[in-house]
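This report walks through the annotated span, the strand pairing, one helix, one loop position and the nonpolar cores of a single chain.

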Amino acid sequence: MHRLAPAALSLLLASSIAHAQPAGPGPVPGSDEVVITAARMLDVRSGRYVDSPQLLVRDGRIVEVGRAGDAVPANAERVELPGLTLLPGLIDMHVHLDSDPSYGGYTGLQFNDRFWSMLAVPNAHKTLLAGFTTVRNVGADAWNDVGLRQAIDAGKVVGPRIVTAGHSFGATGGHCDSTYFPPSMDEKSAFNADSADEARRAVRTLRKYGAQVIKICATGGVFSRNTEPGQQQLSYEEMKSIADDAHMMGLKVAAHAHGAAGIKDAIRAGVDTIEHASLIDDEGIALAKKHGAWLSMDIYNTEYTQREGKKNGVLEDNLRKDREIAEVQRQGFKRAHAAGAKMVYGTDAGVHPHGDNGQQFEVMVRYGMTPLQAIQSATVNAAQALARDDVGVIEPGRYADLVAVAGDPTQDVQLLEAILVVIKGGEVIKREAAR
């Protein structure tokens, strides 16, 4: 099996780490205590600003939130961000870090399987530099996301905190199966589940090897072959067995679900987040509210796929499905938000370029959210959906994962498309001057 030469791999990792170092004054890696100041800070729960905030960070976590001038340890490193607005690090609930939208249809077959493993490293770096300090990777090949998470957590490569699904799975011939090849090639997902018992076994196996969330395909999809987005492909009984088993072991479940029937059965079965939700109807919105399911609706990426998809090799049948659901999904997003359904920020990065994750904020505002509500979907809401109390809000006990912009993102949400400062665990990863 071809492998990247050790020297080349070392060069790649060294380059990744070098580009992530702070461009200005900041803490050195491993500092015990860091003091961070800025012009103001957004309280994402209330939407109010705190002037002249001062954060004391110890071992990567916030221990105090006060005002500039409060007493701090004399030997603490200082990160001063005059004129900038602090927000919590952003959270993208739907990414595929080992995917590259430059290759669509069959064009990716020109590469060795490990090509995609290597791409996950710079994709994670781009995502972090865009201000997304936590992501949920809802489906990868060959356990790429689990290995990447472990490498990031071990300090070997630079990237966001990753909640990993490992492999996504569904029914034989469904969206999560391998659907591009003839029978002679016998290509199929190792986790296809065609009964409740098979579904439970898939959940347990995925957890065994590193899944921190279970991702299933309840309906057909856009970028698979021989499936239509509206087709339900897992039964209620199968999805309930998945949700029950996952919840028993402390895992959340995310369901790829475009079609109305599949969305409703997934919610009734106890699925925690509905991905895409493109064809959601009013009954589905009401069920989401009743059961507390979160909707993760990727309403930006079609602008990229329709513009670049054909050039990238995406088949016309896939582009046709993408066109057909694009505006329907956006109108569903608008109705669901107006009805008070719980929403989180998920972009499906990998279908569009990594690092462009922040482009979706403006689309969410265009379709009914206030800028603050869009920001909350990528901070406090996402943290709640993950059941995590260590990210998503600036307060004691949480990681010092922060971003900073010049201006007021509650008035101009597009400021989040060009994050100036990224801090992860109290360490400055990116620092650019305000334009």
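In this predicted model, the span of residues 85–428 is 36% helix and 15% strand, and the C-alpha atoms at its two ends lie 15 Å apart. The UniProt record, an unreviewed entry, assigns to residues 85–428 the feature "domain: Amidohydrolase-related".

**Strand pairing**

Strand β5 takes part in two pairings, which are set out below with one residue pair from each.

| Strands | Sense | Bridges | Example of bridge partners |
|---|---|---|---|
| β1 (residues 33–42) and β5 (residues 77–88) | parallel | 7 bridges | alanine 38 and leucine 81 |
| β5 (residues 77–88) and β14 (residues 402–405) | antiparallel | 4 bridges | proline 88 and leucine 402 |

**Helix α9 and the residue after it**

Helix α9 comprises the 24 residues 316–339, and because each residue should contribute 1.5 Å, a span of 34 Å is expected, with which the 35 Å between its end C-alpha atoms agrees. The helix nevertheless carries a kink of about 35°, centred on isoleucine 325, and Ile325 is itself buried. Other buried residues of α9 include Asn318, Lys321, Asp322, Gln329, Arg330 and His337, together with Leu319, Phe333 and Ala336. Just after α9, glycine 340 adopts a positive phi of about 90°.

**The loop at threonine 370**

Between α10 (360–366) and α11 (371–377) there is a loop that holds threonine 370. Is threonine 370 buried, exposed or partly exposed? Its relative accessibility is 37%, and threonine 370 therefore counts as partly exposed, since that class lies between the limits of 20% and 50%. Although threonine 370 and threonine 410 are 40 residues apart along the chain, their C-alpha atoms are separated by 7.8 Å.

**Nonpolar cores**

The largest nonpolar core has 79 residues, of which Phe169, Ile214, Ile216, Ile274 and Leu295 touch the most other members. Apart from this core lies another, of 19 residues, which includes Leu55, Leu81, Ile394 and Leu420; Leu81 is also the residue of β5 that is the bridge partner of alanine 38.

Which residues does leucine 295 touch, if those up to four places away in sequence are not counted? Its contacts are Ile274, Ala277, Ile280, Ala288, Ala336, Ala341, Lys342, Met343 and Val344. Among these contacts of leucine 295 is Ala336, which is one of the buried residues of α9, and another is Ile274, which is likewise listed with the residues that touch the most other members of the largest core.

Notes:
Residues are numbered from 1 along each chain as its sequence is written. This is a predicted model: local features need pLDDT of at least 70, side-chain atom pairs count only at pLDDT 80 or more; totals for chains, interfaces and linings use all residues. Side-chain values use heavy atoms; hydrogens and water are left out. A nonpolar core is a set of buried Ala, Val, Leu, Ile, Met, Phe, Trp, Tyr and Cys residues joined through side-chain atoms within 4.5 Å. Buried means under 20% relative accessible area, exposed over 50%, partly exposed in between (1.4 Å probe, protein chains only). Contact means heavy atoms within 4.5 Å. UniProt positions are given in the numbering used here, feature names are shortened, and annotations may be inferred rather than shown by experiment. The expected span of a helix is 1.5 Å times one less than its number of residues. The bend at a residue is the angle between axes fitted to the seven residues ending there and the seven starting there. Two strands pair if DSSP finds at least two bridges between them.
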